[in-house]
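Me: I would like to go through this model by asking what justifies each label, setting the value against the criterion every time. Could we begin with what it takes for strands to count as paired?

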Amino acid sequence: MSTRQMAIMFDESIQMVDLHTQYRRLKSEIDAAIQSVLNQSAFINGPQVQAFADHLAAYVGVPYVVPCANGTDAIQIALMALGLQAGDEVIVPAFTYIAAAEAVALLGMTPVLVDVDPYTFTINPDKIEHAISRQTKAIIAVHLFGQCADMEPILRIGKKYNLAVIEDNAQSIGATYTFRNGVAKQSGTIGDVGTTSFFPSKPLACYGDGGAMMTSDEQIARQLKIVASHGQSSKYQHQVVGCNSRLDTIQAAILDVKLKYISSFTRKRISIAAEYDRAFVDIEELVTPQVASFSTHVYHQYTLQVKNGKRDALKEYLKQKGIPSMVYYPASLERQPALRGLARKVDHMPVTLQLPDKVLSLPIHTELKEEMVEYMIEHVRNFFS
(Lines give C-alpha, C1' and ligand atoms only; values in the text may rest on other atoms or scores of the structure.)
Protein backbone atom coordinates (compact mmCIF):
# COMPACT_ATOMS: atom_id res chain seq x y z
CA MET A 1 0.00 0.00 0.00
CA SER A 2 1.38 3.39 -0.97
CA THR A 3 1.72 6.33 1.39
CA ARG A 4 -0.99 8.09 -0.61
CA GLN A 5 -3.39 5.15 -0.19
CA MET A 6 -2.63 5.13 3.54
CA ALA A 7 -3.35 8.84 3.78
CA ILE A 8 -6.72 8.32 2.12
CA MET A 9 -7.61 5.46 4.47
CA PHE A 10 -6.70 7.27 7.68
CA ASP A 11 -6.65 10.92 6.52
CA GLU A 12 -2.89 10.69 7.18
CA SER A 13 -0.14 8.09 7.03
CA ILE A 14 1.05 6.07 10.01
CA GLN A 15 4.27 7.48 11.46
CA MET A 16 6.75 6.29 14.07
CA VAL A 17 6.33 9.67 15.78
CA ASP A 18 3.66 12.23 14.86
CA LEU A 19 4.85 15.56 16.21
CA HIS A 20 2.76 17.66 13.85
CA THR A 21 -0.59 16.22 14.92
CA GLN A 22 0.36 16.54 18.56
CA TYR A 23 1.35 20.16 17.97
CA ARG A 24 -2.00 20.90 16.32
CA ARG A 25 -3.76 19.51 19.39
CA LEU A 26 -1.74 21.73 21.76
CA LYS A 27 -1.31 24.61 19.32
CA SER A 28 -3.02 27.38 21.24
CA GLU A 29 -1.07 26.75 24.44
CA ILE A 30 2.28 26.23 22.72
CA ASP A 31 1.89 29.26 20.49
CA ALA A 32 1.02 31.39 23.53
CA ALA A 33 4.06 30.08 25.41
CA ILE A 34 6.39 30.87 22.51
CA GLN A 35 4.83 34.30 22.06
CA SER A 36 5.41 35.04 25.74
CA VAL A 37 9.13 34.41 25.27
CA LEU A 38 9.21 36.59 22.18
CA ASN A 39 7.41 39.38 24.02
CA GLN A 40 9.86 39.26 26.92
CA SER A 41 12.87 38.66 24.63
CA ALA A 42 14.81 36.90 27.40
CA PHE A 43 16.10 34.23 25.05
CA ILE A 44 18.90 32.95 27.29
CA ASN A 45 18.02 31.83 30.83
CA GLY A 46 14.65 33.55 30.70
CA PRO A 47 12.17 33.02 33.54
CA GLN A 48 10.53 30.13 31.67
CA VAL A 49 13.68 28.04 32.16
CA GLN A 50 13.53 28.18 35.94
CA ALA A 51 9.75 27.77 35.93
CA PHE A 52 10.05 24.59 33.90
CA ALA A 53 12.88 23.30 36.11
CA ASP A 54 10.73 23.86 39.20
CA HIS A 55 7.73 22.13 37.66
CA LEU A 56 9.81 19.17 36.48
CA ALA A 57 11.36 18.84 39.94
CA ALA A 58 7.90 18.71 41.46
CA TYR A 59 6.78 16.11 38.92
CA VAL A 60 9.67 13.69 39.50
CA GLY A 61 9.94 14.42 43.21
CA VAL A 62 13.42 15.88 43.67
CA PRO A 63 14.48 19.27 45.04
CA TYR A 64 16.92 20.09 42.22
CA VAL A 65 16.63 20.07 38.43
CA VAL A 66 19.39 21.68 36.36
CA PRO A 67 18.45 22.23 32.69
CA CYS A 68 21.06 21.94 29.94
CA ALA A 69 21.35 21.86 26.17
CA ASN A 70 20.79 18.15 25.47
CA GLY A 71 20.83 14.70 26.99
CA THR A 72 24.40 13.86 26.03
CA ASP A 73 25.62 17.06 27.66
CA ALA A 74 23.65 16.04 30.75
CA ILE A 75 25.64 12.81 31.06
CA GLN A 76 28.96 14.58 30.47
CA ILE A 77 28.19 17.32 32.97
CA ALA A 78 27.13 14.73 35.56
CA LEU A 79 30.44 12.89 35.17
CA MET A 80 32.36 16.14 35.51
CA ALA A 81 30.35 17.37 38.49
CA LEU A 82 30.88 14.08 40.31
CA GLY A 83 34.62 14.58 40.03
CA LEU A 84 35.56 11.82 37.62
CA GLN A 85 38.88 12.23 35.84
CA ALA A 86 40.60 11.07 32.66
CA GLY A 87 41.70 7.47 33.08
CA ASP A 88 38.73 6.49 35.24
CA GLU A 89 36.44 3.68 34.13
CA VAL A 90 32.66 3.91 33.90
CA ILE A 91 30.40 0.88 33.52
CA VAL A 92 27.72 1.22 30.83
CA PRO A 93 25.27 -1.21 29.18
CA ALA A 94 26.49 -2.58 25.86
CA PHE A 95 23.05 -2.49 24.21
CA THR A 96 21.92 1.11 24.03
CA TYR A 97 22.50 4.31 22.08
CA ILE A 98 26.11 5.48 22.06
CA ALA A 99 25.52 8.69 24.09
CA ALA A 100 26.53 7.36 27.52
CA ALA A 101 29.70 5.64 26.30
CA GLU A 102 30.48 8.62 24.06
CA ALA A 103 30.31 11.09 26.95
CA VAL A 104 32.63 8.85 28.96
CA ALA A 105 35.13 8.57 26.11
CA LEU A 106 35.06 12.30 25.36
CA LEU A 107 36.34 12.96 28.88
CA GLY A 108 39.27 10.61 28.42
CA MET A 109 37.66 7.86 30.49
CA THR A 110 37.08 4.23 29.57
CA PRO A 111 33.56 2.89 28.97
CA VAL A 112 33.32 -0.64 30.35
CA LEU A 113 30.67 -2.58 28.47
CA VAL A 114 28.33 -4.92 30.35
CA ASP A 115 25.67 -7.28 29.02
CA VAL A 116 21.97 -6.56 29.40
CA ASP A 117 18.90 -8.46 30.55
CA PRO A 118 17.26 -10.36 27.66
CA TYR A 119 13.73 -9.17 28.49
CA THR A 120 14.02 -5.63 29.87
CA PHE A 121 17.04 -4.73 27.66
CA THR A 122 18.54 -2.81 30.62
CA ILE A 123 21.94 -3.42 32.22
CA ASN A 124 22.16 -6.78 33.99
CA PRO A 125 23.18 -6.13 37.62
CA ASP A 126 24.56 -9.66 37.90
CA LYS A 127 27.22 -8.77 35.33
CA ILE A 128 28.38 -5.50 36.90
CA GLU A 129 30.52 -6.63 39.81
CA HIS A 130 32.79 -8.77 37.65
CA ALA A 131 33.49 -5.71 35.47
CA ILE A 132 34.76 -3.54 38.34
CA SER A 133 38.48 -2.72 38.52
CA ARG A 134 40.55 -0.35 40.62
CA GLN A 135 39.93 2.33 38.03
CA THR A 136 36.13 2.01 38.11
CA LYS A 137 34.47 5.12 39.49
CA ALA A 138 30.86 5.09 38.28
CA ILE A 139 27.97 3.11 36.81
CA ILE A 140 25.58 4.54 34.23
CA ALA A 141 22.23 2.75 34.26
CA VAL A 142 20.24 3.43 31.08
CA HIS A 143 16.47 3.11 31.56
CA LEU A 144 15.81 1.78 28.09
CA PHE A 145 12.62 1.90 25.98
CA GLY A 146 10.43 3.07 28.86
CA GLN A 147 11.24 1.13 32.01
CA CYS A 148 13.82 1.27 34.77
CA ALA A 149 16.96 -0.76 35.13
CA ASP A 150 17.01 -2.76 38.36
CA MET A 151 18.36 -0.01 40.58
CA GLU A 152 18.36 -1.65 44.00
CA PRO A 153 21.23 -4.09 43.31
CA ILE A 154 23.01 -1.39 41.30
CA LEU A 155 22.87 0.97 44.28
CA ARG A 156 24.10 -1.82 46.53
CA ILE A 157 27.09 -2.44 44.26
CA GLY A 158 27.76 1.30 44.05
CA LYS A 159 27.82 1.60 47.82
CA LYS A 160 30.04 -1.48 48.25
CA TYR A 161 32.69 -0.17 45.85
CA ASN A 162 32.18 3.57 46.41
CA LEU A 163 30.95 4.16 42.86
CA ALA A 164 28.78 7.03 41.68
CA VAL A 165 25.49 5.96 40.08
CA ILE A 166 24.10 7.96 37.15
CA GLU A 167 20.73 7.25 35.56
CA ASP A 168 20.17 7.96 31.88
CA ASN A 169 16.44 8.62 31.99
CA ALA A 170 15.93 10.00 28.48
CA GLN A 171 13.54 7.21 27.42
CA SER A 172 11.76 6.47 30.67
CA ILE A 173 10.78 9.70 32.39
CA GLY A 174 7.60 9.03 34.33
CA ALA A 175 8.38 5.37 35.03
CA THR A 176 8.32 4.29 38.67
CA TYR A 177 10.82 1.97 40.36
CA THR A 178 9.67 0.02 43.41
CA PHE A 179 12.21 -1.25 45.93
CA ARG A 180 11.81 -4.63 47.61
CA ASN A 181 10.52 -2.90 50.76
CA GLY A 182 7.73 -1.22 48.82
CA VAL A 183 9.29 2.26 48.58
CA ALA A 184 8.69 3.75 45.12
CA LYS A 185 10.68 6.43 43.31
CA GLN A 186 10.49 7.93 39.87
CA SER A 187 13.16 6.96 37.38
CA GLY A 188 15.99 9.45 37.33
CA THR A 189 15.67 10.19 41.06
CA ILE A 190 17.29 7.07 42.48
CA GLY A 191 21.03 7.42 41.87
CA ASP A 192 23.37 10.33 42.52
CA VAL A 193 22.29 12.10 39.33
CA GLY A 194 19.55 11.44 36.82
CA THR A 195 19.94 12.76 33.28
CA THR A 196 17.35 13.19 30.58
CA SER A 197 16.89 14.38 27.01
CA PHE A 198 14.04 16.39 25.53
CA PHE A 199 14.82 15.38 21.94
CA PRO A 200 11.58 15.69 19.90
CA SER A 201 10.77 11.97 19.93
CA LYS A 202 11.25 11.48 23.69
CA PRO A 203 8.38 10.96 26.20
CA LEU A 204 8.82 14.58 27.32
CA ALA A 205 9.96 16.41 24.24
CA CYS A 206 10.68 19.89 22.96
CA TYR A 207 10.93 21.16 19.38
CA GLY A 208 14.70 21.06 19.18
CA ASP A 209 17.41 19.96 21.57
CA GLY A 210 17.19 20.08 25.33
CA GLY A 211 18.16 18.18 28.44
CA ALA A 212 18.27 18.26 32.21
CA MET A 213 19.89 16.73 35.27
CA MET A 214 18.10 15.92 38.52
CA THR A 215 19.39 15.18 42.00
CA SER A 216 18.43 15.24 45.67
CA ASP A 217 21.91 16.34 46.75
CA GLU A 218 22.37 20.09 47.19
CA GLN A 219 26.14 20.01 46.72
CA ILE A 220 25.89 17.92 43.56
CA ALA A 221 23.23 20.30 42.22
CA ARG A 222 25.56 23.22 42.83
CA GLN A 223 28.38 21.48 40.96
CA LEU A 224 26.09 20.61 38.05
CA LYS A 225 25.14 24.28 37.70
CA ILE A 226 28.78 25.38 37.90
CA VAL A 227 30.01 22.90 35.30
CA ALA A 228 27.14 23.69 32.91
CA SER A 229 27.92 27.42 33.07
CA HIS A 230 31.60 27.61 32.07
CA GLY A 231 32.66 26.47 35.54
CA GLN A 232 31.34 29.69 37.08
CA SER A 233 30.39 29.86 40.75
CA SER A 234 29.33 33.46 40.08
CA LYS A 235 29.68 35.74 37.09
CA TYR A 236 33.30 35.81 35.88
CA GLN A 237 34.43 33.59 38.77
CA HIS A 238 35.45 30.28 37.16
CA GLN A 239 36.14 27.58 39.75
CA VAL A 240 36.64 24.68 37.33
CA VAL A 241 36.90 24.10 33.61
CA GLY A 242 33.30 23.60 32.60
CA CYS A 243 31.21 23.81 29.46
CA ASN A 244 28.46 25.97 28.01
CA SER A 245 25.22 24.02 28.06
CA ARG A 246 21.89 25.82 28.41
CA LEU A 247 18.28 24.95 27.77
CA ASP A 248 16.88 27.49 25.32
CA THR A 249 14.12 29.64 26.79
CA ILE A 250 11.70 28.91 23.95
CA GLN A 251 12.22 25.19 24.39
CA ALA A 252 11.66 25.52 28.15
CA ALA A 253 8.36 27.28 27.49
CA ILE A 254 7.26 24.48 25.14
CA LEU A 255 8.30 21.83 27.65
CA ASP A 256 6.38 23.51 30.43
CA VAL A 257 3.20 23.17 28.36
CA LYS A 258 3.86 19.55 27.44
CA LEU A 259 4.78 18.60 31.01
CA LYS A 260 1.14 19.20 31.97
CA TYR A 261 0.13 16.42 29.57
CA ILE A 262 2.87 13.87 30.28
CA SER A 263 0.63 11.60 32.36
CA SER A 264 -2.06 11.49 29.69
CA PHE A 265 0.59 10.88 27.02
CA THR A 266 1.87 7.95 29.07
CA ARG A 267 -1.61 6.50 29.56
CA LYS A 268 -2.19 6.56 25.80
CA ARG A 269 1.01 4.68 25.05
CA ILE A 270 0.27 2.12 27.79
CA SER A 271 -3.17 1.57 26.29
CA ILE A 272 -1.73 0.94 22.82
CA ALA A 273 0.88 -1.42 24.29
CA ALA A 274 -1.87 -3.41 25.98
CA GLU A 275 -3.65 -3.80 22.64
CA TYR A 276 -0.44 -5.01 21.00
CA ASP A 277 0.21 -7.43 23.88
CA ARG A 278 -3.24 -8.99 23.64
CA ALA A 279 -2.98 -9.33 19.87
CA PHE A 280 0.50 -10.89 19.80
CA VAL A 281 0.45 -13.11 22.89
CA ASP A 282 -0.29 -16.28 20.91
CA ILE A 283 2.35 -15.70 18.20
CA GLU A 284 5.17 -18.06 19.15
CA GLU A 285 7.72 -16.27 16.98
CA LEU A 286 7.27 -12.95 18.83
CA VAL A 287 8.42 -11.96 22.29
CA THR A 288 6.42 -8.95 23.46
CA PRO A 289 8.00 -6.35 25.77
CA GLN A 290 8.34 -7.69 29.30
CA VAL A 291 7.44 -5.39 32.18
CA ALA A 292 9.76 -5.96 35.13
CA SER A 293 8.32 -6.65 38.58
CA PHE A 294 10.23 -3.65 39.93
CA SER A 295 9.26 -1.05 37.33
CA THR A 296 6.34 0.44 35.48
CA HIS A 297 6.72 0.92 31.72
CA VAL A 298 5.97 4.18 29.88
CA TYR A 299 6.59 2.62 26.43
CA HIS A 300 8.85 5.13 24.78
CA GLN A 301 9.22 2.25 22.36
CA TYR A 302 7.20 -0.93 21.89
CA THR A 303 10.02 -3.31 21.06
CA LEU A 304 9.36 -6.86 19.95
CA GLN A 305 11.86 -9.66 19.63
CA VAL A 306 11.32 -11.61 16.41
CA LYS A 307 12.53 -15.20 16.45
CA ASN A 308 13.89 -17.54 13.79
CA GLY A 309 15.59 -14.87 11.74
CA LYS A 310 12.32 -13.37 10.51
CA ARG A 311 12.85 -9.80 11.77
CA ASP A 312 13.98 -8.27 8.49
CA ALA A 313 11.27 -10.03 6.51
CA LEU A 314 8.62 -8.75 8.92
CA LYS A 315 10.03 -5.23 8.69
CA GLU A 316 9.91 -5.31 4.89
CA TYR A 317 6.39 -6.77 4.86
CA LEU A 318 5.14 -4.01 7.15
CA LYS A 319 6.84 -1.39 4.99
CA GLN A 320 4.94 -2.70 1.97
CA LYS A 321 1.72 -2.23 3.94
CA GLY A 322 2.58 1.37 4.81
CA ILE A 323 3.58 0.54 8.38
CA PRO A 324 6.86 2.02 9.63
CA SER A 325 9.07 0.19 12.10
CA MET A 326 12.54 0.76 13.51
CA VAL A 327 15.48 -1.29 14.72
CA TYR A 328 16.84 0.14 17.98
CA TYR A 329 19.77 -0.64 17.87
CA PRO A 330 21.27 -2.42 14.81
CA ALA A 331 24.78 -2.64 16.30
CA SER A 332 25.89 -3.08 19.90
CA LEU A 333 28.44 -0.68 21.37
CA GLU A 334 31.27 -3.18 21.12
CA ARG A 335 30.74 -3.20 17.36
CA GLN A 336 30.89 0.57 16.97
CA PRO A 337 34.08 1.70 15.19
CA ALA A 338 34.20 4.91 17.25
CA LEU A 339 34.71 2.93 20.46
CA ARG A 340 37.29 0.51 19.09
CA GLY A 341 40.32 0.71 21.35
CA LEU A 342 38.49 3.04 23.77
CA ALA A 343 35.97 0.73 25.42
CA ARG A 344 36.67 -2.33 27.53
CA LYS A 345 34.61 -5.47 27.95
CA VAL A 346 35.30 -8.30 30.38
CA ASP A 347 32.89 -11.04 29.33
CA HIS A 348 31.24 -12.53 26.32
CA MET A 349 27.90 -10.72 25.98
CA PRO A 350 25.46 -13.18 24.44
CA VAL A 351 22.31 -11.11 24.95
CA THR A 352 23.82 -7.92 23.56
CA LEU A 353 25.17 -9.76 20.54
CA GLN A 354 21.81 -11.35 19.70
CA LEU A 355 19.39 -8.47 20.27
CA PRO A 356 20.41 -6.35 17.24
CA ASP A 357 19.24 -9.20 14.98
CA LYS A 358 15.91 -9.67 16.80
CA VAL A 359 14.50 -6.34 17.96
CA LEU A 360 11.85 -4.42 16.06
CA SER A 361 9.90 -1.41 17.36
CA LEU A 362 6.36 -0.62 16.22
CA PRO A 363 4.74 2.84 16.28
CA ILE A 364 3.45 3.76 19.74
CA HIS A 365 2.74 7.45 20.10
CA THR A 366 0.04 9.71 21.43
CA GLU A 367 -1.58 10.52 18.10
CA LEU A 368 -2.24 6.99 16.82
CA LYS A 369 -5.87 6.39 15.95
CA GLU A 370 -7.62 3.20 16.97
CA GLU A 371 -8.08 2.12 13.37
CA MET A 372 -4.35 2.59 12.77
CA VAL A 373 -3.52 0.32 15.69
CA GLU A 374 -6.00 -2.28 14.45
CA TYR A 375 -4.51 -2.09 10.95
CA MET A 376 -0.99 -2.67 12.25
CA ILE A 377 -2.08 -5.56 14.45
CA GLU A 378 -3.90 -7.16 11.53
CA HIS A 379 -0.84 -7.13 9.32
CA VAL A 380 1.61 -8.32 11.98
CA ARG A 381 -0.71 -11.26 12.58
CA ASN A 382 -1.12 -11.86 8.85
CA PHE A 383 2.63 -12.14 8.44
CA PHE A 384 2.80 -15.01 10.93
CA SER A 385 -0.40 -16.77 9.81
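Reply: Two strands pair if DSSP finds at least two bridges between them. The model is predicted, and within it Ile91 stands opposite Ile139 in E4.

Me: What makes E2 and E4 a pair under that criterion?

Reply: E2 and E4 are joined by 3 bridges in the parallel sense, and because at least two bridges are required, they count as paired.

Me: How do you know that strand E2 also pairs with E3?

Reply: Strand E2 (residues 89-93) and E3 share 5 bridges and run in the parallel sense. Here Ile91 stands opposite Val112 in E3, while towards E4 the residue opposite Ile91 is Ile139.

Me: What makes E4 and E5 a pair, and which residue of E5 stands opposite Ile140?

Reply: E4 and E5 have 5 bridges in the parallel sense, and Ile140 stands opposite Ile166 in E5. Strand E5 (residues 164-168) is in turn joined to strand E8 (residues 193-197) by 3 bridges, again parallel, with Glu167 opposite Gly194 in E8.

Me: In what order do the strands of this sheet lie, and why are two of them called edge strands?

Reply: The order of the 8 strands is E1-E9-E8-E5-E4-E2-E3-E14, in an open sheet with mixed pairing. Strand E1 (64-68) and strand E14 (344-345) are the edge strands, as each pairs on one side only. Helix H3 lies across E1 and strand E9 (211-215), and runs at about 135° to E1.

Me: Why is strand E3 described as largely enclosed by the rest of the structure?

Reply: The cut-off for buried is under 20% relative accessible area. In strand E3 (residues 110-114), 4 of the 5 residues are buried, so the strand is largely enclosed by the rest of the structure. Strand E4 (residues 136-142) is likewise mostly covered, with 6 of its 7 residues buried.

Me: Why is Thr352 called buried, and which residues does it touch?

Reply: Thr352, which lies in helix H11 (residues 350-354), has a relative accessibility of 0% and therefore counts as buried. Leaving aside residues up to four places away in sequence, Thr352 touches Ala94, Phe95, Asp115, Val116 and Ser332.

Me: Why is Ile44 called exposed?

Reply: Exposed requires over 50% relative accessible area, and Ile44 has 52%, so the label applies. Ile44 is placed in the loop between helix H2 (19-40) and helix H3 (47-60).

Me: What makes Ile44 part of a surface patch?

Reply: Ile44 forms a nonpolar patch on the surface with Leu38 and Phe43, and together they have about 270 Å² of accessible area. Membership needs over 30% relative accessible area, and because Ile44 has 52%, that part of the criterion is satisfied.

Me: What makes E12 and E13 a pair, and in which sense do they run?

Reply: E12 and strand E13 (residues 302-306) share 2 bridges in the antiparallel sense, and because the criterion asks for at least two, they count as paired. Val287 stands opposite Gln305 in E13.

Me: Which strands form the sheet that contains this pair, and what packs on it?

Reply: The sheet is open and antiparallel, with 3 strands in the order E12-E13-E15. Its edge strands are strand E12 (286-287) and strand E15 (359-362), each pairing on one side only. Helix H10 (residues 311-320) packs on this sheet by touching E12, E13 and E15, and its direction makes about 25° with that of E15.

Technical notes. Residues are numbered from 1 along each chain as its sequence is written. This is a predicted model: local features need pLDDT of at least 70, side-chain atom pairs count only at pLDDT 80 or more; totals for chains, interfaces and linings use all residues. Side-chain values use heavy atoms; hydrogens and water are left out. Patches are made of residues with over 30% relative accessible area and no salt bridge: like charges are joined within 9 Å, nonpolar side chains (Val, Leu, Ile, Met, Phe, Trp, Tyr) within 5 Å. Accessible areas come from the Shrake-Rupley method with a 1.4 Å probe; for residues, only the protein chains shown count as cover. A salt bridge is a side-chain nitrogen of Lys or Arg within 4 Å of a carboxyl oxygen of Asp or Glu. Buried means under 20% relative accessible area, exposed over 50%, partly exposed in between (1.4 Å probe, protein chains only). Contact means heavy atoms within 4.5 Å. Axes are lines fitted to C-alpha atoms, for helices over the stretch in contact, and angles run from 0 to 180 degrees between N-to-C directions.
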